[in-house]
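I opened my notebook to look up two things in turn: how two chains meet, and what surrounds a ligand. I will write each entry as I go.

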Amino acid sequence: MLKVDNLTKIFGKTRAVDDLSFELEEGDVCGFIGPNGAGKTTTMRIIATLEEPTDGQVRVGGESIHEEPYRIRRRIGFMPDHYGTYPDMTCRDYLEFYARAYEIEPKARARRIDGIMDFTGLGDIADKKVEELSKGMRQRLNLSRALINDPKLMVMDEPAAGLDPRARVELRYLIRNLAEQGKTVFVSSHILTELSEICDHMLIIDQGRKISFGSVEEIQRGLREGFEIRVRLVDPSQVEGLVRFLVQRPGIQDVRPGENGVLLFSLRDEAERIPALLREAVNEGFSVMEFRPETPTMEDVFMRITGQTNGGNNGNGA
Amino acid sequence: MRWRLANGVFDNAMLYKDITQWLRNRTFLALFIGLLALGEAVSAICMSLPGEEGRLGPVAFGFLSATMGLYGFVVIAMGFMGTSREFSNRTFELYEIAGMSLERMVLGKVVSILVQFLFGFFCIVPFMFFAFLLGGLDFGLIGQSALGMVLIFPLIALLSLCIALNVRLKRVSVPARVLLILAALWFIPGVAIRMAMGSYYLAHHGGGAWGGSAFSLFSLGNTDDLVLRIALYVQFCLWLFYLCCNSIAPPQDSREHQVKFLTFSVSATWVALVGCSNWPAMAPAAIVFLFVASCILGAILFPHRLDPPLMVVNRRKRTRWLTVRLFHYAFAPGSMGTLRTLFLFYLLSVVTYLAVTESGPSPQELASSSRPLQAPFFLFLSPVLLMPFGFARKRYKTLRAVTICYWALVGVGLLILYSIAESPGFRRPGSGYDGHVRAWAALGSLMLSPVSSWVVGTVYRPGFESSLGSYRLVSGAIGLIGLLWIARRCRRAERQG
Ligand SMILES: Nc1ncnc2c1ncn2[C@@H]1O[C@H](COP(=O)(O)OP(=O)(O)OP(=O)(O)O)[C@@H](O)[C@H]1O
Ligand SMILES: [Mg+2]
């Protein structure tokens with residue numbers, strides 16, 4: 001449905017998007033994650049044909065953004081991170097206006113608008129002025145507008161920004177519903193947990209470069225790079241010995257002795273090795289009181305990855 | 001096709017939106033009622049005034065015309081503000097995503113402004129004919145000024161839209177407001193007076209060659225070249241229209257070819273119109289137009305991305321019609337296309353020059369009529385100086401800015417030099433200069449910048465008027481070849497990355 005190849009966008013001296021490639025199938029829900037300034041909005045604007053890439057190709061349903069931007073526009077629903085509001089217009093007028101802009105047949109318009117208002121829950125406020133809407137309502141209106149041409153691909157730029165928790169839950173529900181209708185959804189956020197529940201794919205970028213792309217499980221597995229294990233010994237004097245013991249084992253890194261017989265290390269290996277490691281340690285005579293593998297949350301991983309790339313660059317610059 | 005056009009006008013989303021907003025806006029309603037009340041009041045006062053027969057009519061008429069002008073101004077100003085707001089809200093993007101074509105957007109905007117204007121117009125017109133009943137007015141005059149209003153208004157509306165779309169105010173700031181008020185102060189009396197007096201008056205009594213010919217467009221007296229006039233009017237409207245489209249066009253999908261084509265065809269029609277009406281006397285008006293049009297077109301559109309965007313190329317490939325393909329080729333977006341357009345301008349200038357030569361003018365007329373021939377040379381002059389520097393080959397904005405700055409600075413410098421050389425102190429017989437300095441200053445001014453060339457050409461008689469034409473013919477050709485070379489060079493730089 002969406003195929004992005006070696007996409008690059010350069011603004012003056014900034015490489016906003018740098019050699020980005022990925023592909024989405026029909027019905028996929030893909031989360032697009034990255035910190036501020038990572039290039040999410042730029043990528044989405046290029047997909048929506050609002051911006052011309054410096055290099056690379058994007059195909060939506062097999063058609064290229066370079067050759068058929070008008071056909072692509074009619075096929076996608078783009079929800080930008082800003083709203084266009086107008087004075088003196090009601091929600092219904094607003095949708096009616098966009099229905100005309102999409103050149104929807106006059107006969108089909110009213111039915112389409114009613115259907116969408118039902119779906120997004122705008123029915124009660126159809127006659128309210130657009131200017132007077134709250135943020136959550138505006139976001140619904142924004143979504144309704146993007147849905148008016150019954151798009152096959154939805155591109156949503158930070159739809160959850162500024163919503164309260166309840167509205168977020170509702171938004172997630174709406175997105176899942178869209179996916180069930182067979183639409184491909186490409187949705188960005190800088191908060192990872194917000195999307196991990198509803199997405200089946202994730203694309204993580206930083207400074208315009210792809211950091212990882214795959215199904216949510218793959219990413220969680222791939223990103224974790226093993227486990228963080230916390231060991232606590234009854235006898236604190238044994239810690240030094242344990243350090244020596246661990247350092248000799250393969251796949252163990254970053255051994256950090258702490259206070260009161262506590263010791264932390266990371267294991268870059270499969271989960272199956274954890275019980276074996278514990279058995280070996282006990283057999284060696286260490287008085288293990290606690291042996292707890294901790295899986296880092298997606299959030300931790302994300303922080304670490306983006307932190308690393310930033311740190312790396314700073315290092316190079318200095 | 002016809003269905004699509006009708007749909008574009010009547011089922012236009014932009015029109016729907018603007019009219020909905022307009023109808024829901026209370027202040028506008030108040031304005032209407034005020035306008036009607038005003039018309040009525042003026043008529044009532046004029047009726048009750050004891051005056052000489054035949055004087056009240058013109059007074060009432062003038063007043064009503066002024067009101068109409070004011071109303072038109074308000075409509076245009078509101079259109080301008082509304083358009084600026086579309087930029088500050090970034091809603092134009094949303095229309096783009098909706099796949100609305102640029103033509104539809106601009107058409108909707110223009111039609112909505114026109115609808116608002118016509119509404120007011122039909123409120124006022126009945127009172128105007130009532131003013132006729134008061135006496136002292138020519139029925140033809142009323143008809144003509146009404147027609148004039150209806151014809152002028154779309155031009156002004158398009159012009160203001162064009163400005164709004166180009167300036168892209170993020171916010172209607174204080175300076176913009178001040179400017180708008182100043183414009184209103186200058187504009188309202190101007191429009192009011194013109195409209196009150198009617199184009200009829202202007203066409204017959206004043207305005208010089210320019211004003212006169214511009215306004216004679218609307219005078220119905222002379223029907224010989226009516227077709228040409230209508231063609232000119234329509235083309236000019238279309239030109240403004242496509243200028244509007246082009247200023248909101250994304251880079252992949254420019255309307256540059258339409259703009260170039262219309263610039264060329266407006267120039268050609270204008271020359272033809274001048275040729276038909278009053279050739280030898282009016283020839284300078286045609287020549288100014290050619291010169292200015294080709295210089296500006298070249299300065300803005302020559303330093304530009306070289307190849308037309310892929311979308312435009314594909315559109316060209318898809319058309320089967322030879323004429324459409326030729327049109328796409330001759331006026332293609334990008335600097336190569338501009339070069340072809342400049343070549344057409346050059347040919348048009350040659351034809352004009354030959355036509356002037358035929359009519360046996362004075363040497364000075366001959367000298368000035370060869371000016372447009374030199375336009376490509378001036379366009380070539382400043383970029384060629386920058387070509388050795390790698391940075392300039394890809395920075396089109398720099399090239400553009402340098403061209404214009406070069407013209408202005410060198411032009412002004414040469415003019416100063418020239419006026420010193422021409423000053424009486426300098427020309428005193430005993431001062432040791434025997435005209436060489438003057439001749440060189442004049443020659444430099446003629447050759448190095450269009451600004452000085454223009455001014456010097458009108459005041460100075462260098463004594464080589466007869467050879468000036470051939471010089472300009474040759475330098476224009478050199479300029480065209482030079483521009484081709486520059487375009488090739490830039491393309492090589494672009495390919496190398
Ligand atoms: N029009 C532009 N001109 C110049 N630079 C730009 C432009 N748009 C974006 N950038 C730059 O490109 C980079 C990526 O910006 P982008 O808006 O795509 O990030 P983002 O991931 O959407 O960030 P956020 O989470 O803050 O919305 C930034 O460094 C930004 O400064
Ligand atoms: Mg963003």
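Entry on the interface. I looked up the area buried between chain B and chain A in this predicted model, and I noted about 3,300 Å², of which carbon and sulfur atoms give 53%. I then asked which three residues supply more of the area that chain B buries against chain A than any other three, and I found B:Tyr16, B:Leu94 and B:Ile97, with 21%. Counting residues in contact, I wrote down 37 from chain B and 34 from chain A.

Entry on charges and polar pairs. I looked up the salt bridges between chain B and chain A, and the count is three. I noted a salt bridge in which the side chains of A:Asp93 and B:Arg24 meet, with 2.6 Å from N to O. For polar contact across the interface of chain B and chain A, I recorded seven residue pairs, with both residues at pLDDT 80 or more.

Entry on the helices. Which helix of chain B gives the most to the side that touches chain A? I found that helix 2 does, with seven residues. The helices that each supply at least two residues to this side of chain B include helix 2 (13-24), helix 4 (56-88) and helix 6 (102-134). Sorting the residues of the side of chain B that touches chain A, I wrote down 14 nonpolar, nine polar and 14 charged.

Entry on the ligand. I turned to ligand 1 and listed residues around it, among them A:Phe11, A:Pro35, A:Lys40, A:Thr42 and A:His190. The shell around ligand 1 divides into four nonpolar, six polar and two charged residues, and its largest share, three residues, comes from helix 1 (residues 40-47) of chain A.

Entry on distances to the ligand. I noted that a polar side-chain atom of A:Thr41 lies 2.5 Å from an oxygen atom of ligand 1, while for A:Ala38 a backbone N or O atom lies 3.1 Å from an oxygen atom of the ligand. In the side chain of A:Glu158, I found an N or O atom 3.2 Å from an oxygen atom of ligand 1. Last, I looked up how much of ligand 1 is covered, and I recorded that the protein covers 60% of the 630 Å² of accessible area that the ligand has on its own.

Definitions and conventions. Residues are numbered from 1 along each chain as its sequence is written. Chains are lettered from A and ligands numbered from 1 in the order in which they are written. This is a predicted model: local features need pLDDT of at least 70, side-chain atom pairs count only at pLDDT 80 or more; totals for chains, interfaces and linings use all residues. Side-chain values use heavy atoms; hydrogens and water are left out. Contact means heavy atoms within 4.5 Å. Buried area is the accessible area (1.4 Å probe) that two parts lose on being put together, summed over both. A salt bridge is a side-chain nitrogen of Lys or Arg within 4 Å of a carboxyl oxygen of Asp or Glu. A polar contact is a pair of N or O atoms within 3.5 Å; within protein, one must be able to donate a hydrogen and the other to accept it, and residues adjacent in sequence count only if both atoms are side-chain atoms. Helices (H or I, at least four residues) and strands (E, at least two) are DSSP runs, numbered from the N terminus. Ala, Val, Leu, Ile, Met, Phe, Trp, Tyr, Cys and Pro count as nonpolar, Asp, Glu, Lys and Arg as charged, and the others, Gly among them, as polar. A residue is near a molecule or strand if one of its heavy atoms lies within 4 Å of it. Accessible areas come from the Shrake-Rupley method with a 1.4 Å probe; for residues, only the protein chains shown count as cover.
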